[in-house]
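Student: I'd like to learn how to read burial and salt bridges in a model. Can we go through one together?

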Amino acid sequence: MGKLTDTAKGLANEAAGNAKQALGNARNDPAQKAEGVAQEKKGELQQASGKVKGALGDSI
């Protein structure tokens, strides 16, 4: 995947994770909140990967 793809997927996962956390808080559902936290972290890692690829070139 390239820089743009990683960054876009990262933003989408981060947004979905935030939504799951909010829903988990509203429903008092710790499992859903934890799932949201995990998905948000996944998104952050994908965005970081995109930044690295942008700095080093998409060939990595």
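Tutor: Sure, burial first: buried means under 20% relative accessible area, exposed over 50%, and partly exposed in between (1.4 Å probe, protein chains only). Asp6, at 4% relative accessibility, therefore counts as buried. This is a predicted model, where local features need pLDDT of at least 70 and side-chain atom pairs count only at pLDDT 80 or more, while totals for chains, interfaces and linings use all residues. Residues are numbered from 1 along each chain as its sequence is written, and side-chain values use heavy atoms, leaving out hydrogens and water.

Student: Which residue does Asp6 meet in a salt bridge?

Tutor: A salt bridge is a side-chain nitrogen of Lys or Arg within 4 Å of a carboxyl oxygen of Asp or Glu. Asp6 pairs with Lys53 at 3.0 Å, N to O. Helices are DSSP runs (H or I, at least four residues), numbered from the N terminus. Asp6 sits in helix H1 (residues 3–27) and Lys53 in helix H2, so the pair ties together parts 47 residues apart in sequence. Lys53 is buried too, at 12%.

Student: How many salt bridges are there by this rule?

Tutor: The count is 3. Another joins Glu35 and Lys20, with the closest N and O atoms 2.8 Å apart; this pair links helix H2 to helix H1 across 15 residues. Glu35 is partly exposed at 44%, as is Lys20 at 23%. Lys41 and Glu44 also form one, at 3.6 Å; being 3 residues apart in helix H2, they are separated by about one helical turn.

Student: And what does Gly36 touch?

Tutor: Contact means heavy atoms within 4.5 Å. Not counting residues up to four places away in sequence, Gly36 touches Gly17, Lys20 and Gln21. Gly36 is buried, at 0%.

Conventions. Helices (H or I, at least four residues) and strands (E, at least two) are DSSP runs, numbered from the N terminus.
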